[in-house]
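Colleague: I would like a close look at one helix pair in this model. Please set out how the two helices sit against each other, and put that in the context of the whole chain.

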Amino acid sequence: MLLHFNAYEQQRIEEFRNHPLLLSFPSLPWAELLAVLLQRRHLSLAIVNVYEWVIDALDREAIRATVRQILHEEFPRNTRGVPLASHREWLYRDLLHLGASREQILTTAESPITREVREGSIQQLQRAFAEGPTDLALITFLRFWAEVLVAVEYECFWPRLSERLSHGTDGTGPKSEFFYYHMIHDRRQSDVGEEQLLGGLTHSQALAQHIGGLILEEQDLASALRQLDAAASLKRRFYDQFLPQPGAAVSRIGRA
Ligand SMILES: [Fe+2]
């Protein structure tokens, strides 16, 4: 059954990668590209709520420990326990280095569609909780929505972002703190059930470790596939808002 799950997941990822907005990213003017990233920031701000929601809803302590660990990594501390900049602060700094102004970052309002996607994500977790099998549904949605697809989004962004940000080894331009880090640390990396501890696990893999053992029957598989569909559909909805509307001469970017 894991073969089926993995093949289905790969298929959803390929479809998502081919979203017209993500395909057009390499040729977007910088003003439009920044408008996407500024709107996308509202989903990044929501990720803490999504993680906290899942932590409360989970039954199994071992899974809760993994989810809690990932959430805590969003708030790094130094060796003496002093709080350092959070990952949302890293995002703010990356956006500044990409050319957004403080005013743009701080005053770009959440669009109605972004709000719908953000609220729809919590609603999907509520449905997952109600339908069960709860832990499998919650963790499958969380992993795909907050880790696997996030890394895919940032992979699609990176060829453009790297025009203004480095990944820290080539010495050109300011170093990306947020986008590059999450592109690497969140990514899928291996099929579910094939996680190798050697070399460390990405966030997708750390969550995947708990998924393999929970897909035991057809109804588990069906529930997990529904979570993949729901997460992919919410993400597509977010990017749809930047596409030219039928009959409109200009894209909605900048008016969101
Ligand atoms: Fe992550």
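Modeller: What follows takes the chain as a whole, then the helix pair, then two single residues.

This is a predicted model, and the mean pLDDT of the chain is 93. A score of at least 70 is reached by 95% of the residues. Among the elements, helix α6 (residues 102-107) has the highest confidence, at 98, and helix α9 (residues 179-185) the lowest, at a mean of 94.

The chain has 11 helices and 0 strands. Its radius of gyration is 18 Å, close to the 18 Å that the globule rule gives for 256 residues, so the chain is as compact as a globular protein of that length. The C-alpha trace spans about 55 × 50 × 30 Å along the principal axes. Of the 256 residues, 36% are buried. When contacts between residues at least 6 apart in sequence are considered, 71% of them join residues at least 24 apart.

The pair to look at is α7 (residues 112-131) and α11 (residues 218-240). Their axes come within 9 Å and cross at roughly 170 degrees. Angles over 145 degrees count as roughly antiparallel, and α7 and α11 are therefore roughly antiparallel to each other. On the α7 side, the residues that meet α11 are Ile113, Thr114, Val117, Gly120, Ser121, Gln124, Ala128 and Glu131. The α11 side contributes Ser223, Gln227, Ala230, Leu234, Arg237 and Phe238. By residue class, this contact divides into 6 nonpolar, 6 polar and 2 charged.

Leu225 also lies in α11. Having 17 other C-beta atoms within 10 Å, Leu225 is partly exposed, because a buried residue needs 20 or more and an exposed one has 12 or fewer. Leu225 is 84 residues from Phe141 in sequence, with a C-alpha to C-alpha distance of 9.3 Å.

Elsewhere in the chain, Trp30 belongs to helix α3 (residues 30-57). Trp30 has 13 C-beta neighbours inside 10 Å and so counts as partly exposed. Between Trp30 and Gly99 there are 8.6 Å from C-alpha to C-alpha, for a separation of 69 residues along the chain.

Notes
Residues are numbered from 1 along each chain as its sequence is written. This is a predicted model: local features need pLDDT of at least 70, side-chain atom pairs count only at pLDDT 80 or more; totals for chains, interfaces and linings use all residues. pLDDT is the predictor's confidence in each residue, from 0 to 100. Helices (H or I, at least four residues) and strands (E, at least two) are DSSP runs, numbered from the N terminus. The radius of gyration is taken over C-alpha atoms; the globule rule is 2.2 Å times the number of residues to the power 0.38. Two residues are in contact if their C-beta atoms, placed from the backbone, lie within 7 Å. Axes are lines fitted to C-alpha atoms, for helices over the stretch in contact, and angles run from 0 to 180 degrees between N-to-C directions. Angles under 35 degrees count as roughly parallel, over 145 as roughly antiparallel, 65 to 115 as roughly perpendicular and the rest as oblique. Ala, Val, Leu, Ile, Met, Phe, Trp, Tyr, Cys and Pro count as nonpolar, Asp, Glu, Lys and Arg as charged, and the others, Gly among them, as polar.
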